[in-house]
Every structure is written in structure tokens, then in C-alpha cells.
Amino acid sequence: MPTWLEVALRTLSAVSILFLMTKLLGKRQISQLSLFEYITGLSIGNIAAYISLDTDSKWYLGLLALSVWVLVSVGMEFATMKSRRIRNFVDGKGRVLIDKGTLIEKNLFKERVTLDEFMEKMRSKSIYQVADVEFAVMESNGDITFMLKKDLQPLTAQSLGWAMKPERQPESIVMDGIVIEEALRKSGYNQAWLNQQLSVKGVKLEEVFLAQVDDAGNVTIQTGERSIP
């Protein structure tokens, strides 16, 4: 077999295997990563490159290495779910950086975060004064979360003492000109109601790129060229 064809086939195989193994690892592996998940991602990527390009070695050894990494990663995820002590050791714990409006210098030093980096992170959350922050924590994934002081927090219905009824998320009832029957039933309506709504708005079903209905029964339609409220 020509070398170029072997490399192409190995690469396609590696991509397929990576896809299946990433599905097995779950969504956490492609979201904010913990330290262990970061190491796992790098290692799996390197092994996949080895499978693709190292034509002098046996491909199944790379597959074996990939399988071991995935098994270790899945096992570690279950262990961290079951044990808080293991979770704290593997993922780490959050560290308080601001407490009651006071910036804690020693904790910044422990996390190796400079003041410039900290202020940049604050500005990214539209916060410009440390004195406005009641509480800030550096999470185990490296992100910093902030809680503003009570008088600077946005008004909510709860803070105003208003009672609000539960609201259901909008349902996409038509996509690419095709009625999503399950979403239509879930929203409490039927095909006859949908046809009436389309007739009122003067649009045909096949013209609808996306149609959504909210909790109040209001339908919004996107044709791909215009929006019909």
C-alpha cells in the first residue's frame, strides 16, 4: 500500500475513533476543562497523531493507548462524582479572591494571578471597581466568578416582591419547512392551529425557515429573508 494512502486511511480511522471516544467521555470534555481533563485531551490528541503518521509502528498499539486513556478518564470522572475528597484533589477547589469587598492578596499570589489579569477579568464582566464586588471566587476551571454588592445588583421580580408565574421556553415548531410534531404537541397546539397562524400571517409552510411559539401562544416566523412577528 502506498505510504500516502496508508496515512490517509490512518487519519480517517483516528478521526472516527476520536469522535466515538469523545462521545463516550461526554460533554464535560469539550466544555471548561479541569486539569486532569486538559491533560487527557492533550494526550489523546498526541496519540491520535501517532496513529495517523507513524507508519513504522503497529496501529493497534495506538488504539490500545487511546482506549487506556479513555478508560482512565471515564473511571476518574465516576470517582470524582462519588468522592468529594478525590474531586477536590483532581479538580481542585475554588479560592476566594474578594471577601466582603476586600481583595485578598495572598490568595491572588497562590493562584498566580496578577492584578492586571484580575482587573482584566473584572472588566470582561463589566465591573470596574473592586469596591463594588462583595465576593469573588476563582473556580477550579480557572474562571473567576463575581457577586456584586446588594445595592448594585440588577433589580429582579423577587427583590421587588412581585409574584411571577412560571414561563415555558419557546418551542421551535417548524424548521426548514418541516413541522416538528413533538414540539407542536408539547406547546399544546396542533396542525390545524399552525395552519391558521400561517394563513393569518400570509406565509406558506414551505416558505418557513424557522417558526417558534412562546408560552403565550405568540408565533414568530423567519423565512431566511425576513422576520414575521
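Lys121 is partly exposed, with 28% of relative accessible area. In this predicted model, the Lys121 side chain forms a salt bridge with Asp143, at an N to O distance of 3.8 Å. Lys121 belongs to helix 6, whereas Asp143 sits in the loop between strand 3 (133–138) and strand 4 (144–148), so the contact ties together parts that are 22 residues apart in sequence. Asp143 is partly exposed as well, at 25% relative accessibility.

**Salt bridges**

The count of salt bridges comes to three. They are listed below with the N to O distance and the relative accessibility of each partner.

| Acidic residue | Basic residue | N to O distance |
|---|---|---|
| Glu111, 24% | Arg95, 29% | 2.7 Å |
| Asp143, 25% | Lys121, 28% | 3.8 Å |
| Glu171, 9% | Lys186, 54% | 3.7 Å |

In the pair of Glu111 and Arg95, the side chains meet at 2.7 Å, N to O. Glu111 lies in the loop between helix 5 (105–110) and helix 6 (115–124), and Arg95 lies in strand 1 (residues 95–99), so this salt bridge ties together parts that are 16 residues apart in sequence. Glu111 is partly exposed at 24% relative accessibility, and Arg95 is partly exposed at 29%.

In the pair of Glu171 and Lys186, the closest N and O atoms are 3.7 Å apart. This salt bridge links distant parts of the chain, with Glu171 in strand 5 (residues 171–175) and Lys186 in helix 8 (residues 181–186), 15 residues apart. Is each partner buried or exposed? Glu171 counts as buried because its relative accessibility of 9% is under the 20% cut-off. Lys186 counts as exposed because its value of 54% is over 50%.

**Pairing of strand 5**

Strand 5, which holds Glu171, pairs with strand 7 (residues 210–213) in the antiparallel sense over four bridges. Within this pairing, Ser172 has Gln212 of strand 7 as its bridge partner.

Strand 5 also runs antiparallel to strand 6 (residues 178–179), and two bridges join them. Here the bridge partner of Val174 is Val179 in strand 6. Strand 5 and strand 6 form a hairpin with two residues between them. Asp176, in the turn of that hairpin, has a positive phi of about 55°.

Strand 5 therefore takes part in antiparallel pairing with strand 7 and with strand 6, while its residue Glu171 forms a salt bridge with Lys186 of helix 8.

Notes. Residues numbered from 1 in each chain as written. Predicted model: local features only at pLDDT ≥ 70, side-chain atom pairs only at ≥ 80, totals over all residues. Heavy atoms only, no water. Salt bridge = Lys/Arg side-chain N within 4 Å of Asp/Glu carboxyl O. Buried < 20%, exposed > 50% of the residue type's maximum accessible area, 1.4 Å probe, protein only.
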